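Good morning, everyone, and thank you for making time for this. Please have the sequence and the model open in front of you, and stop me whenever something is unclear.

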Amino acid sequence: MTFINYASREINCKIVYYGPGLCGKTTNLQHIYDSTAPQAKGKLISLATETDRTLFFDFMPLELGTVRGFKTRFHLYTVPGQVYYDASRKLILKGVDGVVFVADSQEERMDANIESLYNLEENLQTQGYELDRLPYVLQLNKRDLPNVIPMDDLAHELRRQQEPVFEAVATNGLGVFDTLKAVAKQVLTELRKT
Amino acid sequence: MSNSPFILQEQEFQKLKTVLARLCVECAARVVLLVDRDGQTIAFHGDIRDMDTTSFASLAAGNVAATSSMAKLIGEDTFPAVVHEGERESIFISVIGRSLLVVVFDERSTLGLVKLRTKRASYEVASILEEAIRGESAYAIANNAVFAEITDEDIDSLFN
């Protein structure tokens, strides 16, 4: 839920990165964190296991600048991708303003992508949201790996509506900011309709 | 879709700040924060020093979300309060509808005092937030006037 504070003239929005385990959600956030000026970001908080798998969520606040005199702050979250952390995923979706689905382009992860996308739709529904009415972007990650599914086939399989689709290699930053920009733009565009 | 924005006006914001300031003194707290259950800081008062209030708010919300889910698993509707006691600093979180009143205190205060004072402040905070929510529809027109004017160029300029 977007929080608009007229006293401090701030708009705060929540964006959640969703997707199967090891698809690169945390790597997306890590790249944004590493590439952003210190004054525009807060700390990157990772609630992870000892083996660096996301346990609850990763979080970073990002200040983009001012629109119509209001500071725009995006709170970026990732969910844990592993199937058995579903209770945590549901909690993190509460109050979401926009979703990025990070798909793993490797052939052997296709079933995991489909299962995770289905899980996203189901968990959004339990929170009273519908994916096709929410700012939403599909990112096809790991395009640099040798065994990837062709982009058109993958998009055909995973695309739900007319959402923007981006190819990405989160480890080197390719497509990371394009994805963020696309979802942030949709979230701010939604504000016009309030 | 349950996704309309929560709009806080100057008047309610100042009222909340006054309640937080008083609570901070009354329970000799280091800092008092009012946080949305989604993890956004609404207001705070006290000695934050180098504390990262944004991260703190997000983690407090995550904490309450997790404990509320645990409550349901054991047949409780919710845990209305969450306490973390440290060697020097402690945290008391009171759940007020969609918001959390978080008190950070040290050995200068006691959990009993914090609980007692927070209870009264919770009613006041709840009442101010209700006012804010009631006022939202009235402000929607003004809000619309500001945000309806956002252009694609405004949004693009954020990323340049």
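Let me begin at Val32(B), whose bridge partner in S6(B) is Val103(B). I should say at once that this is a predicted model, so please take what follows as a description of a prediction. The pair belongs to a longer pairing, in which strand S2 of chain B, residues 31-36, and strand S6 of chain B, residues 99-105, run antiparallel and are joined by six bridges.

Those two strands are part of an open sheet of five strands in chain B, with antiparallel pairing and the order S3-S2-S6-S5-S4. Which strands stand at the edges? They are S3(B), residues 41-46, and S4(B), residues 81-85, and because each has a single partner strand, one side of each is left without a neighbour in the sheet. If we ignore direction, neighbouring strands of this sheet are turned by 10° against each other on average.

Two helices of chain B lie across these strands. Helix H1 of chain B, residues 10-26, lies across S2 and S3 of chain B and runs at about 40° to S3(B). Helix H2 of chain B, residues 53-73, lies across S2, S3, S4, S5 and S6 of chain B, and its angle to S2(B) is about 65°.

Stepping back to chain B as a whole, we find four helices and six strands, and from the N terminus on the elements follow the order β-α-β-β-α-β-β-β-α-α. The C-alpha trace of chain B spans about 50 × 35 × 35 Å along its principal axes. Chain B has 160 residues, of which 36% count as buried, and if we take the contacts in chain B between residues at least 6 apart in sequence, 52% of them join residues at least 24 apart.

Now to the place where the two chains meet. The contact takes 37 residues from chain A and 37 residues from chain B. On the side of chain A that touches chain B, the elements that each supply at least two residues are S1, S2, S4, S5, H2 and H5 of chain A. Which of them gives the largest share? That is S4(A), with seven residues. By character, the residues on this side of chain A divide into 17 nonpolar, 10 polar and 10 charged.

There is also strand pairing from one chain to the other, since S1(A) and strand S1 of chain B, residues 6-8, pair in the parallel sense over three bridges. In that pairing, Asn5(A) stands opposite Leu8(B) in S1(B).

A residue worth visiting in this region is Asn12(A), which lies in strand S2 of chain A, residues 10-18. Is Asn12(A) buried or exposed? Asn12(A) is buried, because 27 other C-beta atoms lie within 10 Å, and the cut-off for a buried residue is 20 or more. Leaving aside residues up to four places away in sequence, Asn12(A) touches Thr2(A), Phe3(A), Arg73(A) and His75(A), and also Gln40(B) from the other chain. Glu63(A) is 51 residues away from Asn12(A) along the chain, and the C-alpha atoms of the two are separated by 9.2 Å.

Let me turn to a pair of helices in chain A. The axes of H2(A) and of helix H3 of chain A, residues 110-126, come within 9 Å and cross at roughly 55°, and the two helices are therefore oblique to each other. Their crossing is right-handed. In the contact, Asp86(A), Arg89(A), Lys90(A) and Leu93(A) from H2(A) meet Asn119(A), Asn123(A), Leu124(A) and Thr126(A) from H3(A), and these residues divide into two nonpolar, three polar and three charged.

Finally, a word on the backbone. Most residues other than glycine have a negative phi. Leu22(A), however, has a positive phi of about 65° although it is not a glycine. Leu22(A) is placed in the loop between S2 and H1 of chain A, and it counts as partly exposed because it has 17 C-beta neighbours inside 10 Å. Lys142(A), in the loop between S7 and H4 of chain A, also has a positive phi, near 65°. Lys142(A) is buried, because 22 other C-beta atoms lie within 10 Å.

How values were computed
Residues are numbered from 1 along each chain as its sequence is written. Chains are lettered from A and ligands numbered from 1 in the order in which they are written. This is a predicted model: local features need pLDDT of at least 70, side-chain atom pairs count only at pLDDT 80 or more; totals for chains, interfaces and linings use all residues. A residue is buried if 20 or more other C-beta atoms lie within 10 Å of its own, exposed if 12 or fewer, and partly exposed in between; C-beta atoms are placed from the backbone. Two residues are in contact if their C-beta atoms, placed from the backbone, lie within 7 Å. Ala, Val, Leu, Ile, Met, Phe, Trp, Tyr, Cys and Pro count as nonpolar, Asp, Glu, Lys and Arg as charged, and the others, Gly among them, as polar. Two strands pair if DSSP finds at least two bridges between them. Axes are lines fitted to C-alpha atoms, for helices over the stretch in contact, and angles run from 0 to 180 degrees between N-to-C directions. Angles under 35 degrees count as roughly parallel, over 145 as roughly antiparallel, 65 to 115 as roughly perpendicular and the rest as oblique. A crossing is left-handed if the near helix is turned anticlockwise from the far one by less than a right angle, and right-handed if clockwise.
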